[in-house]
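Work through the exercises below with the model open. Try each task before you read its solution.

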Amino acid sequence: MGTIWVFAEASGGKVASISLELLTRARELADTVEAVVGTDGEPLAAELGAHGATVVHATGDLGDGLAGPAVASAIAAALEGGAAPDAVLFGTTYDGRDVAGRLSVKLGAPVITNIVELEQANGSLVGTEPVFGGTVNVSTRFSGSGAGLFLVRPKSFAAEESGGAPAAVSALPVPDLGATGAARVVDRFAEESSGPKLDEAGVVVSGGRGLGEAGKYSMIEDLARLLRGAAGASRAIVDAGWVPYSHQVGQTGKVVKPDVYVACGISGATQHMVGMKGSKNIIAINKDAEAPIFGIADLGVVGDVHKVLPKLIEALQARS
Amino acid sequence: MVGDLCAMDIVVCVKQIPDPADPGELDPETNTLKRDMKLIMDESDSYGVEMALQLRDAAGEGEVTLVSMAPHEEVNGLRSALAMGADKAILVSDEALAGTDALGTARVLAAAIGRAQADLILAATESSDGYTGTVPEQVAELLELPSVTFAKEIQAEGGEVVVKRQTEAGYDEVRCPMPAVVSVTAGVVEPRYPSFKGIMAAKSKPMDQVGIGDLGIGADQVGWAGGGQQITDVSPAPEREAGEIITDEGDAHERIIALLEELRIV
């Protein structure tokens, strides 16, 4: 395969892990890998290059504009101007989905979404998407002409350095966006979070409906802290407003693959299991012996979280 | 903003999906999701409906119009949203729509929304069955409108929406002039349950059923054929095996700690 472009995201001068994962996979599939960023390229060129990008197409600072319309228009203009990547890869992130969705309309081409595996077959890129809670894999290729657009789930690939030289920075001008560019970011808030990030933690402790009430989620946070891990949640308790969306693990939340996943009071709806079944070890605590989560747990405890968790927390506190 | 008395017309995109409690199935002919069973309103859409009702009521005037697409004239899910308090619905129903992908769906929704003259278009961030998560942004692009995705809070303030948009680090406060498309996360508001009165009233609310021809869309632009993608393989995923199951007799925490020690976590 000739060339793959990767939409790379960054914050605080560091490239996001999902973007490094995509670059790593892309260089295994294509002769040439180039990055696209919705910010200045210079500060990121070394890290992008070290992961396989030879060129970084940079829009420059977008100021208070959102990435979606700006980056999509810039890529579409570049393609119209003669650039011809075989595929453009995006992470399934807030901005990744925005850019891919806008670009899809501009190119009149579909986005192949929720991809966890990318392979080359008969000269075209094939993406694999798990459906029905990860019990069935569907592989899809783009059948039109031009660039295929793929939205890839985080943690699908390992990020590895290639030892490449810093990527050459190339300007990617943003055309006039008209009304589509009218949204402005007026303020940015970082939420207080202690401990590791949910999708990067070695240990994730998640709570579900079985906790019974919002106040009991503190047990999940306590246990996560004691294990130097992150606290997650099932969609049920996020929808119920017990914890913010940023804690959600599952198809519609974060995909996590920690060394140890502890599911507390989570029955194991398929939408949740898709987000955590890649964990190396799974411990599940649930009252219902028939809960689907026990079907994938390495250690399943049929018991009441309100009895097991306090004892577990107390025992771990006594050790620390 | 409450007290901002300026009529607000809002469109909410509503998807009708198979009951998630029933396991889904792929059509062996097309490898797309089968949707010939009774459909219900996607729970993810109840947040957008509720948000729309609250914004309409805060504005004091305006209409909430539901827009949905279904291959076989399904209205069950729309009735649920009308029962919550939405004013009317547009259902695009056409046999040609079976197997339509996200971009085709966005084309149909955008064309239907174009008939409604909305100040604000709300949608869920993604559906609970297909979960591509690209439709709201595709609709915005097709309508040439600005958009804010992943809203966890929305207020209307003199011709603009002020949105708290979820980010990796926390959230951004985004101001966007209307008309605009906003996608909402679960938890943006607490959806109400339809009252008995609401359920009765829903039966007589206007339900405009149109075909794709009425929207000026050709059959070649929708359906699986209009998609520009090809499924190359469908296969069962490798199963993860169950391990040891114990019943708590008051000492299960010790077994958990023993495993954590074995894994060198503690």
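**Exercise 1. Check the radius of gyration of chain A against the globule rule.**

Step 1: Take the rule, 2.2 Å times the number of residues to the power 0.38, with the radius computed over C-alpha atoms. Step 2: For the 320 residues of chain A, a compact globule would have a radius near 20 Å. Step 3: Chain A has 21 Å, which agrees with that expectation. Step 4: Add the dimensions: the C-alpha trace spans about 65 × 45 × 40 Å along its principal axes.

Ground rules for this work: the model is predicted, local features need pLDDT of at least 70, side-chain atom pairs count only at pLDDT 80 or more, and totals for chains, interfaces and linings use all residues. Residues are numbered from 1 along each chain as its sequence is written, chains are lettered from A and ligands numbered from 1 in the order in which they are written, and side-chain values use heavy atoms, with hydrogens and water left out.

**Exercise 2. Profile each chain by secondary structure, burial and contacts.**

Step 1: Count the elements, which are DSSP runs numbered from the N terminus (helices H or I, at least four residues; strands E, at least two). Chain A holds eight helices and 18 strands. Chain B holds six helices and 13 strands.

Step 2: Apply the burial classes: buried under 20% relative accessible area, exposed over 50%, partly exposed in between, with a 1.4 Å probe and protein chains only. In chain A, 59% of the 320 residues are buried. In chain B, 52% of the 266 residues are buried.

Step 3: Define a contact as heavy atoms within 4.5 Å. In chain A, 64% of contacts between residues at least 6 apart in sequence join residues at least 24 apart. In chain B, residues 24 or more positions apart make 72% of the contacts with a separation of 6 or more.

**Exercise 3. Test the length of helix α1 of chain A, then its burial.**

Step 1: The expected span is 1.5 Å times one less than the number of residues. Step 2: α1(A) covers residues 17-29, 13 residues in total, so it should span 18 Å. Step 3: The end C-alpha atoms are 19 Å apart, which agrees. Step 4: 10 of the 13 residues are buried, so the helix is largely enclosed by the rest of the structure. Among them are Ile18(A), Glu21(A), Arg25(A) and Leu29(A).

**Exercise 4. Which residues other than glycine have positive phi, and where do they lie?**

Step 1: Lys155(A) has phi near 70°. Arg228(A) has phi near 50°.

Step 2: Locate Lys155(A) in the loop between β11 (148-152) and β12 (168-171). Lys155(A) is partly exposed, at 26% relative accessible area. Beyond neighbours within four places in sequence, Lys155(A) contacts Glu21(A), Asp199(A), Glu200(A), Val255(A) and Lys257(A).

Step 3: Locate Arg228(A) in the loop between α5 (217-226) and β15 (230-233). Arg228(A) counts as exposed, at 59%.

**Exercise 5. Characterise Gln138(B) and the Met178(B)–Pro179(B) peptide bond.**

Step 1: Gln138(B) sits in helix α4 (residues 135-142) of chain B. Step 2: Gln138(B) is buried, with a relative accessible area of 1%. Step 3: Leave out residues up to four places away in sequence; Gln138(B) then touches residues of chain A, including Gly101(A) and Val111(A), and of chain B, including Ala102(B) and Leu103(B). Step 4: The bond from Met178(B) to Pro179(B) is cis, with omega near 0°. Step 5: Pro179(B) lies in the loop between β9 (170-177) and β10 (180-184).
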